[in-house]
There are 2 protein chains.
Amino acid sequence: MAEHFYSSEGDALLRAADLRITRPRQAIARVLSEARDHPDADQVLRRARRHDPSISQATAYRTLSVLTESGILRTHTFDGSATRYELAERPHHDHLIDVETGEVREFVSREIEALQARIAAEHGYEIVAHRLELYCRKAG
Amino acid sequence: MAEHFYSSEGDALLRAADLRITRPRQAIARVLSEARDHPDADQVLRRARRHDPSISQATAYRTLSVLTESGILRTHTFDGSATRYELAERPHHDHLIDVETGEVREFVSREIEALQARIAAEHGYEIVAHRLELYCRKAG
DNA sequence: ATAGTTGCAAACGTTTTGCAATGGG
DNA sequence: CCCATTGCAAAACGTTTGCAACTAT
């Protein structure tokens with residue numbers, strides 16, 4: 001057990017998803033729990049390989065899939081480019097983007113959420129997820 | 001000029017984009033001007049081939065690109081799936097996406113729009129554009 | 001005439017999958 | 001032990017591109 005790394009943070013993700021704890025998954029989960037950005041699969045793989053160089057691309061994709069299905073991760077697809085991942089643990093929020101500076105603010109509106117649910121219901125649907133982005137300019 | 005089809009609707013798109021009027025492009029533009037859904041490149045190609053079976057995939061993609069760059073078309077990338085196209089001229093609306101079938105419904109909610117404006121104002125902003133997508137499943 | 005456009009096929013980047021070998025519980 | 005998990009390589013997927021032939025203007 002000598003040169004073994006403990007990544008309780010990461011392991012917690014695996015346990016939450018009811019996955020067997022394996023070396024590749026530990027490395028991947030650790031990378032995710034430490035990430036402060038929104039890495040894509042390739043970035044996750046690269047970083048995970050710093051901990052365990054033998055990790056295959058397939059395992060990275062498979063682990064990301066499984067963690068996403070378990071609700072541990074959330075994905076974003078910005079404009080057709082590669083899927084990016086982040087921990088889903090953070091509370092839900094929408095984004096207000098300053099089109100001039102690129103600054104992003106987060107907000108939640110209970111009223112909007114309620115209206116969304118109503119609209120979905122009117123169409124005979126229930127909401128699985130949603131995305132709301134406001135592109136704004138500082139008011140004159 | 002015998003069995004020639006007139007697609008003034010479609011041709012107008014091509015002229016607006018300053019493109020040479022060719023048979024493949026006429027078929028593609030016609031399909032787009034007639035579409036009531038949000039077809040992806042492959043669907044556009046299939047439909048265009050009903051008018052001109054010799055159209056290649058490459059031409060479909062190239063025409064869609066060029067029309068998009070000209071501002072004639074607008075694209076949507078719903079959660080990692082194929083890029084979908086619609087005429088940019090159409091009035092604003094938001095989207096409800098059936099996560100099981102990929103079907104897209106359009107909706108507008110004056111209340112939500114108003115709330116969005118209020119939220120932006122509370123942050124000292126005014127809205128330039130927004131995007132609202134509801135990913136839904138048919139209600140049990 | 002000539003620059004723009006085409007079809008074909010190959011290449012692309014991302015993601016998925018079949019398989020036999022490995023390893024966690 | 002046994003089934004989940006792995007690495008590998010090949011395939012699948014949507015999309016782009018190089019090229020030589022063609023065509024709208």
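Here are some exercises with worked solutions on a predicted model that holds two protein chains, A and B, and two DNA strands, C and D.

**Exercise 1. Describe the extent of the contact between chain B and chain A.**

Start with the residues: 36 residues of chain B touch 36 residues of chain A. Next, take the area. About 3,300 Å² is buried between the two chains, and carbon and sulfur atoms give 61% of that area. Then turn to the polar side of the interface, where 17 residue pairs are in polar contact, both partners being at pLDDT 80 or more. To finish, sort the residues on chain B's side by class: 16 are nonpolar, eight are polar and 12 are charged.

**Exercise 2. Find which elements of chain B supply the side that touches chain A, and which of them gives the largest share.**

List the elements that supply at least two residues each: strand S3 (94-98), strand S4 (104-107), helix H5 (110-122) and strand S5 (125-138) of chain B. Now rank them by share. The largest comes from S5(B), with 14 residues.

**Exercise 3. Work out how strand S5 of chain A pairs with S5(B).**

Begin with the direction: the two strands, residues 125-138 in chain A and S5(B), are antiparallel and are joined over 13 bridges. Then pick individual partners to fix the register. Leu132(A) is bridged to Leu132(B), while Glu126(A) has Arg137(B) as its bridge partner.

Now look at how S5(B) pairs inside its own chain. S3(B) and S5(B) run parallel and are joined by four bridges. Within this pairing, Leu96(B) is opposite Leu134(B).

When you inspect these strands on screen, keep a general rule in mind: side chains in a regular strand alternate between the two faces of the sheet.

**Exercise 4. Count the salt bridges, and examine one between the chains and one within chain A.**

First, the total: 24 salt bridges are counted over all chains. Second, the interface: four salt bridges are counted between chain B and chain A. An example between the chains is Glu133(A) with Arg131(B), whose N to O distance is 3.2 Å.

Third, go inside chain A. Glu100(A) and Arg137(A) form a salt bridge, with their closest N and O atoms 3.2 Å apart. This pair links distant parts of the chain, as the two residues are 37 residues apart. Glu100(A) sits in the loop between strand S3 (94-98) and strand S4 (104-107), whereas Arg137(A) belongs to strand S5 of chain A.

**Exercise 5. Characterise the protein surface near DNA strand C.**

Step one is the list of neighbours. Strand C is surrounded by 20 residues, and the closest are Tyr61(A), Thr22(B), Arg25(B), Ser56(B) and Thr59(B). Step two asks what part of the DNA is approached: of the strand C atoms within 4 Å of the protein, 65% belong to sugar or phosphate, and the rest to bases.

Step three is a set of individual contacts with phosphate oxygens of strand C. Ile21(A) places a polar backbone atom 3.1 Å from one. Thr22(B) uses a polar side-chain atom at 2.8 Å, and Thr59(B) does so at 2.3 Å.

Step four assigns the elements. Helix H4 (57-69) of chain A, helix H2 (23-34) of chain B and helix H4 (57-69) of chain B each give two or more residues to this surface. The largest share, five residues, is that of H4(A). By class, the surface has eight nonpolar, seven polar and five charged residues.

**Exercise 6. Repeat the analysis for DNA strand D.**

Again, list the neighbours: 19 residues surround strand D, the closest being Thr22(A), Arg25(A), Ser54(A), Thr59(A) and Tyr61(B). Sugar and phosphate make up 69% of the strand D atoms that come within 4 Å of the protein.

Next, separate phosphate contacts from a base contact. A backbone N or O atom of Arg20(A) is 3.3 Å from a phosphate oxygen of strand D, and a polar side-chain atom of Tyr61(B) is 2.9 Å from a phosphate oxygen. Arg20(B), by its side chain, has a polar atom 3.1 Å from a base nitrogen.

Finally, assign the elements. Helix H2 (23-34) and H4 of chain A, together with H4 of chain B, give two or more residues to the surface. H4(B) has the largest share, with four residues. The class count is eight nonpolar, six polar and five charged residues.

How values were computed
Residues are numbered from 1 along each chain as its sequence is written. Chains are lettered from A and ligands numbered from 1 in the order in which they are written. This is a predicted model: local features need pLDDT of at least 70, side-chain atom pairs count only at pLDDT 80 or more; totals for chains, interfaces and linings use all residues. Side-chain values use heavy atoms; hydrogens and water are left out. Contact means heavy atoms within 4.5 Å. Buried area is the accessible area (1.4 Å probe) that two parts lose on being put together, summed over both. A salt bridge is a side-chain nitrogen of Lys or Arg within 4 Å of a carboxyl oxygen of Asp or Glu. A polar contact is a pair of N or O atoms within 3.5 Å; within protein, one must be able to donate a hydrogen and the other to accept it, and residues adjacent in sequence count only if both atoms are side-chain atoms. Ala, Val, Leu, Ile, Met, Phe, Trp, Tyr, Cys and Pro count as nonpolar, Asp, Glu, Lys and Arg as charged, and the others, Gly among them, as polar. Two strands pair if DSSP finds at least two bridges between them. A residue is near a molecule or strand if one of its heavy atoms lies within 4 Å of it.
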